[in-house]
Amino acid sequence: MTQEAELPGKRVLVLRPDELGPSDRKMWREIRRESRAPSNPFLDPVFTTAVGQVRPSARVAVLQDDGTPVGFFPYERGPLGRGRAIGLGVSDSQGAVLRPGIRLDAHELLRACALSSWEFDNLETGQGVFLPHAVEELASPVVDLGEGFERYTERLRARSASFLRQTRAKERKLARQVGEVRFVYDARDPEALRALMEWKSAQYRRTGRRDRFAQDWIVRLVGLLGESEEPECRGVLSVLYAADRPVAAHFGLCSRTVLSWWFPAYDRGYARYSPGLVLQLRMLEAAAAAGVETVDLGSGPARYKESLKTRDVPVYEGVVVRPVPGGAAHWLGREPARAARRFVRNRPLLARAAARTLAEAGRLRDR
């Protein structure tokens with residue numbers, strides 16, 4: 001179902017993700033390396049292809065110069081040409097993959113893709129095509145492990161000695177009172193994955209947030225990525241066991257050097273032992289041993305992220321809108337709600353009040 005369009009000096013082929021060939025995927029990764037962008041697995045062709053298997057609206061625009069690919073733009077296309085970042089809602093790194101030096105106009109690119117708008121909420125830094133259309137910059141905390149786990153814990157201890165000491169004491173207490181503590185960095189445990197999804201669904205409901213695992217396409221996407229053997233984008237399930245029972249788990253995406261924090265959760269019956277924090281420290285140690293240099297904790301406020309991070313990197317939220325009917329429809333349908341969220345998010349007292357209201361709504365719904 002290849003579609004063709006033209007940009008100044010370039011040919012654009014619009015494909016389904018499963019129509020990308022081995023040479024396309026190789027070139028995609030080569031361009032990412034040339035751009036010196038972090039090897040974030042969300043911007044690897046494996047993620048786009050997996051989304052394409054669960055989201056029929058997924059597409060990839062392949063930009064060619066004299067028949068050679070010089071860029072890839074993954075996206076999803078909805079009614080009236082309303083576009084969104086590939087996997088929007090669960091993707092923590094978004095944008096186009098362009099050879100250094102390529103200059104594009106965002107509106108012209110959307111026209112070539114038959115899009116009236118394109119929405120993003122985790123645009124990575126360096127995306128010059130789309131950055132002028134960002135409406136908010138968000139901080140995404142990361143953990144640097146390039147110097148090894150021991151060096152990281154030295155920095156963590158210097159900043160907050162009590163955090164590290166208390167977390168390790170909780171692990172010893174868990175072992176004494178519940179049973180032997182065991183951690184598996186890359187577990188192949190379907191039961192633990194199911195438990196993780198149940199804990200996470202309960203957390204979403206409890207906090208009044210939309211339950212992502214109530215959406216079939218997300219469950220299927222996690223399953224597909226969990227089966228991936230691609231070193232540049234594969235699912236990693238990490239599990240903390242006590243007395244051979246899962247008490248905390250995390251499912252994330254990993255490349256050779258970047259681990260993206262995605263779905264963490266724990267059994268609330270063991271909350272007094274802080275199993276989530278124990279899991280996180282064990283994960284960071286194992287990830288560093290496996291060659292991971294950066295753990296991307298993802299945007300969004302959380303106390304544990306502030307405790308663990310070494311720095312923040314910027315990501316951006318916004319939308320490109322063309323002056324066509326579909327663009328107007330996007331603006332009317334989405335922007336008032338997005339503006340309201342930004343208003344609340346930028347006012348801490350209001351944000352805390354909103355969080356309390358959502359949590360109360362979640363408790364009432366579960367009664």
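## A tour from the α4/α7 crossing

Start with helices α4 and α7: α4 passes α7 in a left-handed crossing, meaning that the near helix is turned anticlockwise from the far one by less than a right angle, clockwise being right-handed. This is a predicted model, in which local features need pLDDT of at least 70, side-chain atom pairs count only at pLDDT 80 or more, and totals for chains, interfaces and linings use all residues. Residues are numbered from 1 along each chain as its sequence is written, and side-chain values use heavy atoms, with hydrogens and water left out.

**The helix pair.** Select residues 149-177 for α4 and 275-289 for α7; the two pack at an angle of about 145°, and their axes are 10 Å apart. Axes here are lines fitted to C-alpha atoms, for helices over the stretch in contact, with angles running from 0 to 180 degrees between N-to-C directions. Helices (H or I, at least four residues) and strands (E, at least two) are DSSP runs, numbered from the N terminus.

Now show side chains at the interface. On the α4 side, the contact is made by F149, Y152, L156, F163, L164, T167 and E171; on the α7 side, by L277, V278, L281, R282, L284, E285 and A288. Contact means heavy atoms within 4.5 Å. Colouring by class gives 10 nonpolar, 1 polar and 3 charged residues. In this scheme Ala, Val, Leu, Ile, Met, Phe, Trp, Tyr, Cys and Pro count as nonpolar, Asp, Glu, Lys and Arg as charged, and the others, Gly among them, as polar.

**R176.** Stay on α4 and select R176, which is in this helix. The residue is exposed, with a relative accessible area of 63%. The cut-offs are under 20% relative accessible area for buried, over 50% for exposed, and partly exposed in between (1.4 Å probe, protein chains only). Add A242: its C-alpha atom is separated by 9.9 Å from that of R176, although the two are 66 residues apart along the chain.

**H250.** Go next to strand β11 (residues 245-254), where H250 is placed. H250 counts as buried, at 0% relative accessibility. Which backbone atom does the side chain of H250 reach? Draw the distance to the backbone nitrogen of W262, which is 2.9 Å. Then display what surrounds H250: leaving aside neighbours within four places in sequence, its contacts are L196, V236, L237, S238, S260, W261, W262, F263, P264, L279 and M283.

**Helix α6.** Select residues 216-226; in this helix W217, I218, L221, V222, L225 and G226 are buried. Among the elements covering them are α2 (45-54), β5 (82-85), α5 (190-206), β10 (234-242), β11 and β12 (258-266).

**Salt bridges.** The whole structure has 23 salt bridges, each a side-chain nitrogen of Lys or Arg within 4 Å of a carboxyl oxygen of Asp or Glu.

- Select K309 and E306: their closest N and O atoms are 3.1 Å apart. K309 is buried at 16% relative accessible area, whereas E306 is partly exposed at 47%.
- Keep K309 and add D312: these side chains form a salt bridge at 2.8 Å, N to O. D312 is partly exposed at 37%.
- Select R29, D44 and E230, which are joined into one network by salt bridges that share partners.
- Select R188 and D186, whose side chains meet at 4.0 Å, N to O. D186 is partly exposed, with 29% relative accessibility.

**Two positive phi values.** Most residues other than glycine have a negative phi. Select A114, in the loop between α3 (106-112) and β7 (117-124); its phi is near 60°, a positive value in a residue other than glycine. A114 is partly exposed, at 35% relative accessible area. Then select S274, in the loop between β12 and α7. Phi of S274 is near 50°, again positive in a residue other than glycine. Is S274 buried or exposed? At 18% relative accessibility, S274 counts as buried.

**Whole chain.** Finally, zoom out and show the cartoon: the chain has 10 helices and 14 strands. Colour by accessibility, and 51% of the 367 residues count as buried. In a contact map, among contacts between residues at least 6 apart in sequence, 73% join residues at least 24 apart.

Terms used:
A polar contact is a pair of N or O atoms within 3.5 Å; within protein, one must be able to donate a hydrogen and the other to accept it, and residues adjacent in sequence count only if both atoms are side-chain atoms.
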